[in-house]
Amino acid sequence: MDVRFACIAGGEIYRQWGPLCGQDRRVAPRSTPFGDSHEIFLVDDRDCPYYLLPRHGTGMRKMTPRDINNRANLFALKDMGVDSILAWGPGGAITHDVAVGDLIVLSDVADRTTQREGTFFEESPLGFLRPFPVFCPALRHVAAEVLHDLGLHYHDGGAAAVSEGPRMETRSEIRILAHVGIDYVTHTFVPEVFLAKELQMCYAAILYVVNYAETGSRHRPFASGGLFGGLTEIDEAQRLARSLGSMGAVVDKMAQAAGADSPRCGCDQPMAGQIDAYDLSSDWRKWFANGSDA
Ligand SMILES: [Zn+2]
């Protein structure tokens, strides 16, 4: 079976797909030169099958961002034939032009992480790449079209700062980000997006707005104490739940659309210069110092 589309998300995968994440559809963990991937599920009862990779590991537990083996996860998906990835993740809105529960098709990130393994090429010059555009423009377009067709509240474009975490950001940190024009803050999507580029894969990200970042909002001041002090209104929680409830339909439609044609987005080219300059093998698995051990 030719499966070329995958969705990476958090615990929402278990809530959305439920019984589909059973042992009979579990096709990984998969051994890679960078360690074992997380578990991966094959959803094959749709017109266009796809893989699901829960980012935070098995079940509903949530490992800290720096403990996620992103390199093994991306390597495993590529090795399984995937060339397009849709990533979902939560974020706080710094801009007040969006509402809690809105879906954002991100167009840029500012990497503020410090402890994550952000390249496959730590001991070679191969990772010297230009991350522009950061996200696949064709897959972003597909995402926006699907969200529009489903009648969801979404915004096409926006820049997210990715903090190391696991703690949330201080008010001063958010003020700094707001000052330089950052719209959202999250702990997700990095280094996934950069690793996908090194493997020449299409990658797009949908951020769902969980709360307003530590600036308070124009609607009400922040309450102290709670994890999501800005997420106190029942209607906002319901709105967010509705947005997350759409995840299955969004992934189904995107898997179909992404499989319908192969857009000329250029995501299969970032390594072209390196392949020429360093006479790299046509087998991408041999680009890594330890690739032959895969
Ligand atoms: Zn692409």
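Reader: Which residues of helix α6 are buried?

Author: The model is predicted, and local features need pLDDT of at least 70, side-chain atom pairs 80 or more, while totals for chains, interfaces and linings use all residues. Residues are numbered from 1 along each chain as its sequence is written. Buried means 20 or more other C-beta atoms within 10 Å of the residue's own, exposed 12 or fewer, partly exposed in between, with C-beta atoms placed from the backbone; helices (H or I, at least four residues) and strands (E, at least two) are DSSP runs, numbered from the N terminus. By that count, the buried residues of α6 are Glu-236, Leu-240 and Ser-243.

Reader: Within what arc do the buried residues of α6 fall, seen down its axis?

Author: The buried residues of α6 line one face of the helix, because their directions are confined to a limited arc, taken from the helix axis to the C-beta atoms. In general, an α-helix has 3.6 residues a turn, so residues three or four places apart point the same way. For the buried residues of α6, the arc is 60°.

Reader: Which exposed residues does the face of α6 turned away from its buried side carry?

Author: Glu-236, Leu-240 and Ser-243 make up the buried side of α6. The face turned away from that side carries the exposed residues Ile-234, Asp-235, Gln-238, Ala-241, Arg-242 and Gly-245.

Reader: Which residues of β1 point the other way from Phe-5, Cys-7 and Ala-9?

Author: Strand β1 covers residues 5-9 and is mostly covered, since five of its five residues are buried. Phe-5, Cys-7 and Ala-9 point one way from the strand, and pointing the other way, buried as well, are Ala-6 and Ile-8.

Reader: Which residue of β7 is the bridge partner of Ala-6?

Author: Strands pair if DSSP finds at least two bridges between them, and four bridges join β1 to strand β7 (residues 84-93), the two running parallel. In β7, the bridge partner of Ala-6 is Ile-85.

Reader: Opposite which residue of β6 does Ile-8 stand?

Author: Strand β6 (residues 50-54) and β1 pair in the parallel sense over four bridges. All five of the five residues of β6 are buried, so this strand is largely enclosed by the rest of the structure. In β6, the residue opposite Ile-8 is Leu-53.

Reader: How many residues lie between β5 and β6 in their hairpin?

Author: Strand β5 (residues 40-43) runs antiparallel to β6 and is joined to it by three bridges, with Phe-41 standing opposite Leu-52. Leu-52 points one way from β6 together with Tyr-50 and Pro-54, whereas Tyr-51 and Leu-53 point the other way. Between the two strands of this hairpin, the number of residues is six.
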